[in-house]
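Open the model in a viewer and keep the sequence panel visible. The stops below give a selection to make and then say what is there.

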Amino acid sequence: MALNFDIISGVKNIWGRYVIVMNWTEAQKKTIETREKNILVSAAAGSGKTAVLIERIKQLVLKDKIDIDRFLITTFTNAASVEMKERLEKAIKSELDKEGADRNFLKRQLNMMPTANISTFHTFALEIMKHYFYLTDLEPGFKIGDEIQVSILKNEAIDILFEKRFSEDYERFKEFLKKYSSDRSEKKLKQNIIKLYDEIRSIPHYFNWAENRCRLMRAESPSKAMGLRAFVTEETKECICRAAEAYEMAAELIDETGLCELSVKAYDDTEKIRNILGCVEDGSEEDVGSILKNLKFNRMSVKKDQQEIYNEIKEKVSRFRKNGKKLLDDLRGKYYAETFEEYDLQLRSQHDDTEYFIGLMRDFEEVFSSKKSEKNMVDFDDVMHYAIDILNDPAAAEEYREKFLYIFIDEFQDSNMLQEEIIGKISRENNLFMVGDVKQSIYKFRLAEPEIFKRKYELYKDSGGETS
C-alpha cells in the first residue's frame, strides 16, 4: 500500500494555549489502523509522517497488546532513536494512570524499553554481529575503528598496494598509471581507488556486482545492457517536466497581469519543451539531443505602453525561465554531448582497464582487511556486510523473521542497498511500515539511494496499493 497525506492540525483551547490535536485525515487514520499489509507512506516535511509512525506503534502496543520487543524500529540518527523511545515510554506511562489499565503488561513494556530494537540500522547490524559472533571470522573483543584510525589504515594499505604492483606488475601498472594518474606522485589515483572502493561498498556483494557490470561493457550495446539508456530516459523525462513547469510558472505570472501577447509567447515556449517528451517516449536519443541543441525560445519583450506593467514581474519571469533553461542546458551537456553509439565505443574500449581497476581494488581490500585484522578492528561498512553475511544463514534470518512481528523504517528515502538487503532477509510479506519523502534525501554522502524509495512507491502503487 502506498499512501500520501497532509498536515496534522492544531487548535487553541479555551485558555488560549496552543494545543496539538491529532485530527487525523482519512489517509492517516487508515495508515495507523491498517494491519497485515506492507505500507509505504510518502509525505512532505511537516505533514506528521513520524507522528503517524509513532501513533501506529502506540496502538499496536496499547490496543493490540503486542510486546515492544517484537518490533524493529529503525531511524537514521541516534538522536531520533532516543526521541522515539522517550515518546513511546511517555505514552505507556500515561496509560498506567488510566482506570482499568493492564498494569502488568504496561510495566513489562517499560522494563523492555531500554533493550528494545529502536535504533539506527548500523546499531541493529552491530547487534546481529554480536548475537551471531560465532558465524564470523572475527576475534573476541573486536572494536569499531573511528574515522581517523580507518583513514590511516587505508592510506597505509594503498601505499603497500602500489609498492607491490611496481614490484610484481611493473609494465602493466606503469601503462595504467600513464592513463589515469594526473600527477607524478600518483596521489590522485590512490585517492580515487579508495573513493571508489568506499562507494561500491554501499552495494551488497560489491565485487560480484562490479565484475558483472564490467562484463556488460563487452556487450554489443553496453549502454543498453547496463541500463544506462533507460536511466537517461527517466532522467530526461524528469528534467524536461521540471523545465516545462518553470516556464509555465513564468507564463502564468505573465497571464495574470493581462499581457496577452506576451503570455501567448510564454505558453508557446512551455509547449515546445513539453513536445520533447514525445521524442523521449519514441526512444530517439539523437532527435532529443538535436532538439535540445537547436531549441530556440521567444524573446520576452513588450510594447512601450506595457513596459511599466511588465517591469513589475520581469525579474520573477526571468528567474523562472533561467531556471528552466539551465535544467535543459545541463541535461544536454550531461547526457547528449555525444550519441549513445559513441558512448558504447568508449565503454567497450575501457573494458580491460576497468577490469584491471577492479583488480586493484580487490588487492587493496586484501591489504586493508589484513591491517584491520591485525588490530582486531572493523570499520563502519564492515558491520553492515557482516550482518548480511550472517543473515545468509537460513537459521539466523529465520530467527529475526520470527522475532519481529512489525518492522518500521523512518526516513526511508535515505535507505541504501545494504539496508534494503538486510530488511529483505528478515521481513515478511505483510509487516513492513516505511515513511519518508524522497525530496528530503540528505544522506547522499552516506551513499543513500532515493531511487529505492521511488521504485518501491511505484511497485506498491501499481500492485493494487492505494494512494490518496
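The tour goes from the whole chain to single residues.

**Whole chain**

Begin with everything selected, and keep in mind that this is a predicted model. The chain has 468 residues, 44% of them buried. Its secondary structure comprises 21 helices and ten strands. Show the surface next: about 25,500 Å² is exposed, and carbon and sulfur atoms supply 50% of that area. Among contacts in the chain with a separation of 6 or more, 77% are between residues 24 or more positions apart.

**Colour by confidence**

Switch the colouring to pLDDT. The chain average is 86, and 87% of the residues score at least 70. Where are the extremes of confidence in the chain? The lowest is in strand E2, residues 10–12, with a mean of 35, and the highest is in helix H17, residues 351–374, with 97.

Now select residues 6–21. The pLDDT stays under 50 over this stretch, for which the model has 25 contacts beyond four places in sequence. Then select residues 464–468, where the pLDDT is also below 50. That stretch has 14 contacts in the model beyond near neighbours in sequence. Where pLDDT is low, the predicted coordinates should not be read in detail.

**A helix pair: H5 and H19**

Hide the rest and select residues 121–131, which form helix H5, together with residues 394–403, which form helix H19. The two helices pack with their axes 12 Å apart and at an angle of about 125°. Why is the pair called oblique? Angles of 65 to 115 degrees count as roughly perpendicular and those over 145 as roughly antiparallel; the angle of about 125° lies in neither range, so H5 and H19 are oblique to each other. Their crossing is right-handed.

Add side chains to see the contact. On the H5 side it is made by Phe124, Glu127, Ile128 and His131. On the H19 side the residues are Glu399, Tyr400 and Lys403.

**Leu177 and Phe357**

Select Leu177, which is in helix H7, residues 170–180. Is Leu177 buried or exposed? Leu177 has 8% relative accessibility and therefore counts as buried, the cut-off being under 20%. Leaving aside residues up to four places away in sequence, Leu177 touches Phe162, Phe166, Glu186 and Leu189. Measure from Leu177 to Leu189 in the viewer: these residues are twelve apart along the chain, and their C-alpha atoms are separated by 7.9 Å.

Keep Leu189 displayed and add Phe357, because Leu189 is also among the residues that Phe357 touches. Phe357 is in helix H17. With a relative accessible area of 14%, Phe357 is buried. Its other contacts, again not counting residues up to four places away in sequence, are Phe176, Asn192, Ile193 and Leu196. Take the distance from Phe357 to Phe176 as well: they are 181 residues apart along the chain, with 8.8 Å between their C-alpha atoms.

**Asp198 and Asn275**

Move to Asp198, in helix H8, residues 187–200. Asp198 has a relative accessible area of 24% and is partly exposed. How far apart are Asp198 and Met361 in space? From C-alpha to C-alpha the distance is 10.0 Å, with their positions 163 residues apart in sequence.

Then select Asn275, in helix H12, residues 260–282. Its relative accessible area is 49%, so Asn275 is partly exposed; over 50% would count as exposed. The C-alpha atom of Asn275 is 9.5 Å from that of Ile240, and the two residues are 35 apart along the chain.

**Two positive phi angles**

Finish with two loop residues. Glu36 is in the loop between helix H1 (26–33) and strand E4 (39–42). Its phi is near 60°, a positive value in a residue other than glycine. Glu36 has a relative accessible area of 56% and is exposed.

Glu411 is in the loop between strand E9 (406–409) and helix H20 (417–426). Although not a glycine, Glu411 has a positive phi of about 50°. Its relative accessible area is 22%, and Glu411 is partly exposed.

How values were computed
Residues numbered from 1 in each chain as written. Predicted model: local features only at pLDDT ≥ 70, side-chain atom pairs only at ≥ 80, totals over all residues. Heavy atoms only, no water. Helix = DSSP H or I, 4+ residues; strand = E, 2+ residues; numbered from the N terminus. Buried < 20%, exposed > 50% of the residue type's maximum accessible area, 1.4 Å probe, protein only. pLDDT = per-residue confidence, 0-100. Contact = heavy atoms within 4.5 Å. Areas by Shrake-Rupley, 256 points an atom, 1.4 Å probe, with all protein chains shown as cover. Axes fitted to C-alpha atoms, helices over the stretch in contact; angles between N-to-C directions. Parallel < 35°, antiparallel > 145°, perpendicular 65-115°, else oblique. Left-handed = near helix turned anticlockwise from the far one by under 90°.
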